[in-house]
Amino acid sequence: MRPHFDRRPDDEPPVPPAQHAPWLDEQLFARRMVFLRGPIEAEMAARAAATFLALDAAGPDPISVHMSAEQGNLAAVWTLVDAIESLQAPVHATAVGEVSGAALGVFCATTERAAFAHARFRLAEPKVNSPGGTADQVVAEAGRYLRELEDLILRIAAATGQPRSRVEDDLQAGRVLTAPEAVDYGLVASIVKR
C-alpha cells in the first residue's frame, strides 16, 4: 500500500522531476523565461537553445533564465553559450539554487546576473567523461577537454574581472561561494529581494 502523501487527488502519476508539466512550459514561455535545472546535458541544452531562439524571434524584450544547474557536459554548455551569444534579445540569469562546474559557463554568458539569497556557486572543474577507444582517441579527447576547460576559465575571468590564475586555482580547489560572496567575487551583480 502506498503512503497517503504519495497519492494525488485524481490518482494520476506524478510528473517526473526532470520534466515540466506542459502548462508550466507554456506559462514560462509566455513570460519569456527559461528554467535550467539539473546537469546540463545534450538533450536539455538542445531544448533550451531552441527555446532561446524561439523567444528571440518573438521579440527583443529580455529573456530570463533561472538556473539551478550542477555540473554538466562542456559540449552541451557550449551549445547553450553559442545560442545565448547569437541572440538579439538580452539574457538575464538568476541563480535559484546551486550553479556549479560547467554550468557556470552558461551563467557567465548572460548580460545580467543575479542570485536568490540562498543560492550558491561551486567553482569546480567539470567532470571528465571516461574516454574509451585507442590511445590516440583518448589523447585527442583529453586535448579537447583541456581546450574547453581553458575556455571556461577565460569566460569566468572575463565575467568576474578576476585574474585567470585565481579562477583556475578556485576551480581546482572546488571553492564554494554564497550569494554575498559571489557578489564580492564579481560573479553576481545583485541578490534578489522582495
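This briefing describes a small sheet and the salt bridges of the structure shown above. The model is a predicted one. Three of its strands form an open sheet, and the structure holds eight salt bridges. The points below treat the sheet, then a network of charged residues, and then individual salt bridges.

**The sheet**

- The strands of the open sheet follow the order 4-6-7, and their pairing is mixed.
- Strand 4 (98-100) and strand 7 (176-178) are the edge strands, each of which pairs on one side only.
- From one strand to the next, the twist averages 20°.
- Strand 6, made up of residues 120-122, pairs with strand 7 in the antiparallel sense, and three bridges join the two.
- Within strand 7, Val 176 is the residue that stands opposite Arg 122.

**A network of salt bridges**

- Side chains of opposite charge can pair when their charged atoms come close.
- A network of salt bridges links Glu 98, Arg 120 and Arg 122.
- Arg 122 therefore appears in two settings: this residue belongs to the network, and it also stands opposite Val 176 of strand 7.

**Salt bridges within helices**

- In helix 5 (residues 135-160), Arg 144 and Glu 141 lie three residues apart, which is about one turn of the helix.
- The side chains of Arg 144 and Glu 141 meet in a salt bridge, with a distance of 2.8 Å from N to O.
- Arg 144 is partly exposed, its relative accessible area being 37%; Glu 141 is likewise partly exposed, with a value of 31%.
- A salt bridge also joins the side chains of Glu 168 and Arg 164, at 2.6 Å from N to O.
- Because Glu 168 and Arg 164 are four residues apart in helix 6 (residues 164-173), about one helical turn separates them.
- Glu 168 counts as partly exposed at 26% relative accessibility, and Arg 164 is partly exposed with a relative accessible area of 31%.

**The salt bridge of Asp 170 and Arg 175**

- Asp 170 and Arg 175 form a salt bridge in which the closest N and O atoms are 3.5 Å apart.
- Asp 170 counts as buried, because its relative accessibility is 10% and the limit for a buried residue is under 20%.
- Its partner Arg 175 is partly exposed, with a relative accessible area of 29%.

Notes:
Residues are numbered from 1 along each chain as its sequence is written. This is a predicted model: local features need pLDDT of at least 70, side-chain atom pairs count only at pLDDT 80 or more; totals for chains, interfaces and linings use all residues. Side-chain values use heavy atoms; hydrogens and water are left out. Two strands pair if DSSP finds at least two bridges between them. Axes are lines fitted to C-alpha atoms, for helices over the stretch in contact, and angles run from 0 to 180 degrees between N-to-C directions. A salt bridge is a side-chain nitrogen of Lys or Arg within 4 Å of a carboxyl oxygen of Asp or Glu. Buried means under 20% relative accessible area, exposed over 50%, partly exposed in between (1.4 Å probe, protein chains only).
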